[in-house]
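Grab the viewer and work through these exercises one at a time. Try each task before you read its solution.

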Amino acid sequence: MSDVTKTVQKWHASFKKGTDFDSWGQLVEAIDEYQILARQLQKEVQSSNSHDFSEEQKKTLGKFATCLEMRSASLQCTQSQEEFKLEDLKKLEPIIKNILTYNKDFPFDVQPVPLRKILAPGEEENLELEEELDAATGAGSTPSFPSRVPGTLLPRLPSEPGMTLLTLTIEKIGLKDAGQCIDPYITVSVKDLNGIDLNPVQETPVATRKEDTYIHFSVDVEIQKHVEKLPKGAAIFFEFKHYKPKKRFTSTKCFAFMEMDEIKPGPIVIELYKKPTDFKRKKLNLLTKKPLYLHLNQTLHKD
C-alpha cells in the first residue's frame, strides 16, 4: 500500500471518529477530532513539496477542511443561525474516502480556508527563539498591513429583560516590536475553568494602524452570552496573532485574559502573557517587565 493511500485511510478513519463522537453527543471530542483533521488537510493543501495530490484535489481538500471547521463552529455555538449539520458533513464521507479518484463537483458552495497555517495550541513552544532572532534582525518589518480576511465578529445578541450584555472595545496593544508585526489581529474567546469554549470564537479584522510601541484596533467585540449566564470561573481571552512570511503561518505572539470580577463599565488595561495560551490559567508567565498592556473599554447594556 502506498504512503498516500495510507494517508487517505488515516484521514477517513479520523473523519469517522469525529462523526461518531458527534452523533453520540460527545461534542468536545468531536470538535477536537474535526479541528485536528482540518489542520492536517490544510497542511497538505499548503505544502509546496507535496506532489501526491493534484491542484484540483488540493482545492477539494481545502473545501473539506472548511466544512470541518464550519461543523466545529456550529457545535461551539448553540445560537448559530447558519448551522452546518452533522447530516451535511456525513454527505462528504465518499469524498475523503475516495479523494484520489473523486472527480465530481463539491456538494457545498464553500471556499477553502485561506492559505495560512494557524498553529494549534502546543505547536508553538519552539518558536520563541525564532521570534527573538526575527526581532533582532528586523525581519518581517513592513510599512503597512497586507489585506486579510475582514475578521469574524458577530452582532450583539437580542436584549432580554434584566439581563446584561457586554461590548468590549479593543483599543490598542502595547508591544516593544509593534512595528514589525505583519497582519496583526486578535482572537477573542470565552472559556470555562477547563478551557472549554462557552461562546463562538471571534477574530478582529487586521489592526487599523501602528505607532511607536502600540498597535491600534479600535474595534467592538460583542460577547455572545449574557453576563449573568457566564459560569463562575469563566474568563475572556485575547490572543494576539501575526503572520510570519518566512514560515508562512500565523503565530500567536502573546495572550491576555479578563476574569468575571473585572467586568465593569469603563476602561481597563490587562497584562500580557507569554505563549502558548494557557486557557486553564495554571502556568502564567508575563511577556515583559515593561509597562505594556492590552487596552480595552467595557460597555454594559442592560434592558
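**Exercise 1. Helix α1**

Work out how the span of helix α1 compares with the expected one, then list its buried residues.

Step 1: α1 covers residues 3-24, 22 residues in total. Helices here are DSSP runs of H or I with at least four residues, strands are runs of E with at least two, and both are numbered from the N terminus.

Step 2: From first C-alpha to last, α1 reaches 32 Å, close to the expected 32 Å. That expected span is 1.5 Å times one less than the number of residues.

Step 3: The buried residues of α1 are Val4, Val8, Trp11, His12, Ser14, Phe15, Gly18, Thr19, Phe21 and Asp22. Buried means under 20% relative accessible area, exposed over 50%, and partly exposed in between, with a 1.4 Å probe and protein chains only. For the pattern, remember that an α-helix has 3.6 residues a turn, so residues three or four places apart point the same way.

Step 4: Just past the end of α1, Gly25 has a positive phi of about 85°.

A word on the ground rules: this is a predicted model, where local features need pLDDT of at least 70 and side-chain atom pairs count only at pLDDT 80 or more, while totals for chains, interfaces and linings use all residues. Numbering starts from 1 along each chain as its sequence is written, and side-chain values use heavy atoms, leaving out hydrogens and water.

**Exercise 2. The whole chain**

Sum up the chain: how many helices and strands are there, and what share of the residues is buried?

Step 1: Count six helices and 11 strands.

Step 2: Of the 303 residues, 47% are buried.

Step 3: Take the contacts with a separation of 6 or more; residues 24 or more positions apart account for 72% of them. A contact here means heavy atoms within 4.5 Å.

Step 4: The accessible surface adds up to about 16,000 Å², and carbon and sulfur atoms own 51% of it. The areas come from the Shrake-Rupley method with a 1.4 Å probe; for residues, only the protein chains shown count as cover.

**Exercise 3. Strand β7 and its neighbours**

Find out which residues of β7 sit on each side, and which strands pair with β7.

Step 1: β7 spans 235-244, and 10 of its 10 residues are buried.

Step 2: Split the strand by face. In a regular strand the side chains alternate between the two faces of the sheet. One side of β7 has Ala235, Phe237, Glu239, Lys241 and Tyr243, the other Ile236, Phe238, Phe240, His242 and Lys244, and all of them are buried.

Step 3: Eight bridges join β7 to β3, antiparallel, with Ser189 partnering Phe237 in β7. Two strands pair if DSSP finds at least two bridges between them.

Step 4: β7 and β8 also run antiparallel, over 10 bridges; Lys241 has Thr252 in β8 as its bridge partner.

**Exercise 4. The cores**

Which members of the largest nonpolar core touch the most other members?

Step 1: They are Ile170, Phe238, Met258 and Leu294, in a core of 31 residues. A nonpolar core is a set of buried Ala, Val, Leu, Ile, Met, Phe, Trp, Tyr and Cys residues joined through side-chain atoms within 4.5 Å.

Step 2: β2, β3, β6, β7, β8, β9 and β11 each supply at least two residues of this core.

Step 3: Another core, of 29 residues, lies apart from it; Phe15, Tyr34, Phe53 and Leu89 are among its members.

Step 4: Follow Leu294 into the sheet. Leu294 in β11 stands opposite Ile173 and is also the bridge partner of Ile270. β11 pairs antiparallel with β2 over nine bridges and with β9 over six.

**Exercise 5. The loop between β10 and β11**

Is Lys275 buried or exposed, and what does its side chain contact?

Step 1: Lys275 lies in the loop between β10 and β11. Lys275 counts as buried because its relative accessibility is 6%.

Step 2: Its side chain makes a polar contact with the Ser251 side chain at 3.4 Å, and a polar atom of the Lys275 side chain lies 3.3 Å from the backbone oxygen of Thr252. A polar contact is a pair of N or O atoms within 3.5 Å; within protein, one must be able to donate a hydrogen and the other to accept it, and residues adjacent in sequence count only if both atoms are side-chain atoms.

Step 3: Check the backbone. Most residues other than glycine have a negative phi, and most peptide bonds are trans. The bond from Lys275 to Pro276 is cis, with omega near -5°. Arg281, in this loop too, has a positive phi of about 60° although it is not a glycine.
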